[in-house]
Amino acid sequence: MTRTPVLPELPRPPRARLRAAALALLLAVACSEAPALGQEAPRWKTHDLARPRPPVVAPAPQDLPALPPSDAVLLFCGQGLEAWRSEKGGPADWVVADGAFQPAPGAEDIVTVQGFGDVQLHVEWAAPLPAAGTSQGRGNSGVFLMGLYEVQILDSFENDTYADGQAAAVYGQYPPLVNACRPPGEWQSFDIVFRRPRFAEDGALIAPARVTVQQNGILVQDAVPLLGPTAWLQHLPYEEHPDRLPLSLQNHGSPVRFRNIWLRELRESAEPGPPEGGTQPAVSLKAEQLERCAGRYRPGGARETVYTVRRDGQQLQCNFFWNDAYLDLVPLAEREFALRHTAATIVFDADDQGAVVALTLRIGGSTIRAEKVGAGE
Ligand code: MG
């Protein structure tokens with residue numbers, strides 16, 4: 001069995017709220033917000049032993065430990081547990097030895113000193129060797145994202161248990177797509193992408209948490225929407241919590257070893273961009289001004305490639321390709337144009353008599369000059 005984490009120093013959700021909302025969420029997730037393709041919507045009772053076990057897949061050898069990228073927050077690199085504390089306060093009292101750490105008998109769960117929201121998390125762990133116990137009693141631990149949402153750690157190598165409780169399960173909710181466990185004693189990896197739940201200002205749930213997991217380089221959770229915080233024997237409803245909460249590791253009584261834990265904090269919203277609709281005209285040109293630019297242009301060095309510029313009413317257009325696609329050229333000045341949806345400009349060059357003789361296309365850091373070789377269509 002897996003215990004619900006207790007984080008006494010953290011804001012606890014008001015328990016009275018949202019029983020009805022929980023039911024609505026379950027229905028919404030099951031009916032309309034289906035998990036990603038290939039991962040069935042939850043319809044089994046929690047811990048149903050009749051639920052099919054994921055197929056076993058033997059992972060390929062990996063180059064572990066996987067070194068962290070430059071922007072990673074290092075949570076354990078083989079030395080001390082300064083990035084962690086006991087969940088009830090005070091220093092983390094798990095045992096560090098030989099570049100790894102494991103729970104001390106009877107120790108509390110540990111939580112990170114720092115809180116996190118959306119993350120890419122790398123964890124390496126090894127189930128105890130020799131293996132001892134059966135089912136949930138063999139090599140049980142867990143990674144609790146935000147201290148609330150468990151990705152199960154278990155020695156699931158030739159160790160049967162209920163499908164939604166085996167290694168890499170979202171505990172009690174989603175079995176892994178496959179059983180990708182290595183034998184006990186061998187280091188294995190979790191690479192987790194976690195998107196925290198979003199709450200409105202009034203505390204209502206806007207979007208459930210989502211988690212993607214690779215175990216030993218194999219996809220085992222595919223952006224599944226979590227039903228709520230991890231609990232044993234029940235589904236608890238989402239209740240509003242802070243945007244950043246500590247990550248925790250579970251002491252379930254098994255000497256599961258950990259090493260090389262790091263994460264990257266993910267951008268939580270899209271970068272602001274320019275307004276929709278693309279580039280708008282800066283000037284209004286007469287038909288004869290546009291007509292002057294029409295023609296066929298051959299880029300320097302090209303034998304067969306030709307850009308074709310044409311006027312369609314009050315719109316100048318250019319075809320760059322072998323197909324029939326003509327892209328609008330948005331006028332910025334008399335002989336300067338931009339593509340509407342691509343960051344590119346075209347400037348037409350004229351001779352002393354004002355006749356257009358060439359164009360210069362600037363796109364993606366490149367400059368292409370094309371001489372006029374004929375009239376337009
Ligand atoms: Mg567990």
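Begin by selecting D118 and R198 in this predicted model, where the two side chains form a salt bridge whose closest N and O atoms are 2.8 Å apart. The two partners come from distant parts of the chain, since D118 sits in the loop between β5 and β6 while R198 belongs to strand β10 (residues 198–199), 80 residues away. Keep D118 selected and add R195, because D118 also meets the side chain of R195 in a salt bridge, here with an N to O distance of 2.9 Å, and D118 counts as buried with a relative accessible area of 2%. This second pair again links distant parts of the chain: the loop holding D118 runs between β5 (110–116) and β6 (119–126), whereas R195 lies in strand β9, 77 residues apart from D118. R195 itself counts as partly exposed, at 34% relative accessibility.

Now widen the selection to R196, D243 and E268, and you will have on screen a network of salt bridges that links D118, R195, R196, R198, D243 and E268. Over the whole structure, a search finds 16 salt bridges. In general, side chains of opposite charge can pair when their charged atoms come close.

For another of these pairs, select R259 and E124, which form a salt bridge with closest N and O atoms 2.9 Å apart. R259 is in strand β15 and E124 is in strand β6, so this pair ties together parts of the chain that are 135 residues apart in sequence. Are these two residues buried or exposed? R259 is buried, with a relative accessible area of 16%, and E124 is buried as well, with a value of 0%.

Next, select the magnesium ion. Which residues coordinate the ion? The donors are N140 (OD1), S141 (O), E150 (OE), Q152 (OE1) and Q250 (OE1), at distances of 2.2 to 2.4 Å. Along the chain these donors follow the spacing N-S-x8-E-x1-Q-x97-Q. Within this set, E150 and Q250 link distant parts of the chain, with E150 in strand β8 (residues 149–153) and Q250 in the loop between β14 (245–249) and β15 (257–265), 100 residues apart. If you colour by accessibility, E150 counts as buried at 1%, and Q250 is likewise buried, with a relative accessible area of 1%.

From the ion, move to strand β12, residues 210–215, and show its side chains. V211, V213 and Q215 make up a covered face, while R210, T212 and Q214 make up an uncovered one. In a regular strand, side chains alternate between the two faces of the sheet. To see the neighbours of β12, add strand β9 (residues 188–195), which pairs with β12 in the antiparallel sense over six bridges; I192 stands opposite V213 in β12. Then add strand β13 (residues 218–225), which pairs with β12, also in the antiparallel sense, over five bridges; here V211 stands opposite V224 in β13. β12 and β13 form a hairpin with two residues between them, and in its turn N216 has a positive phi of about 55°.

For a contrast with the buried residues, select L129, which is placed in the loop between β6 and β7 (141–145) and is exposed, with a relative accessible area of 64%. Leaving aside residues up to four places away in sequence, L129 touches P184 and G185. The C-alpha atoms of L129 and P184 are separated by 5.5 Å, although the two residues are 55 positions apart along the chain.

Two cysteines make the next stop. Select C293, which counts as buried at 1% relative accessibility, and then C318, which counts as buried at 0%. A search of the whole structure finds zero disulfides.

Finally, clear the selection and view the protein chain as a whole. Its secondary structure comes to two helices and 23 strands, and 46% of its 377 residues count as buried. Among the contacts with a separation of 6 or more, 64% join residues that are 24 or more positions apart. With the surface switched on, the chain exposes about 18,200 Å², of which carbon and sulfur atoms supply 54%.

Methods: Residues are numbered from 1 along each chain as its sequence is written. This is a predicted model: local features need pLDDT of at least 70, side-chain atom pairs count only at pLDDT 80 or more; totals for chains, interfaces and linings use all residues. Side-chain values use heavy atoms; hydrogens and water are left out. Donors are N, O and S atoms within 2.8 Å of the metal (3.2 Å for Na, K and Ca); water is not among the atoms, so sites may look incomplete. Helices (H or I, at least four residues) and strands (E, at least two) are DSSP runs, numbered from the N terminus. Buried means under 20% relative accessible area, exposed over 50%, partly exposed in between (1.4 Å probe, protein chains only). Two strands pair if DSSP finds at least two bridges between them. Contact means heavy atoms within 4.5 Å. Accessible areas come from the Shrake-Rupley method with a 1.4 Å probe; for residues, only the protein chains shown count as cover. A disulfide is a pair of cysteine sulfur atoms within 2.5 Å. A salt bridge is a side-chain nitrogen of Lys or Arg within 4 Å of a carboxyl oxygen of Asp or Glu.
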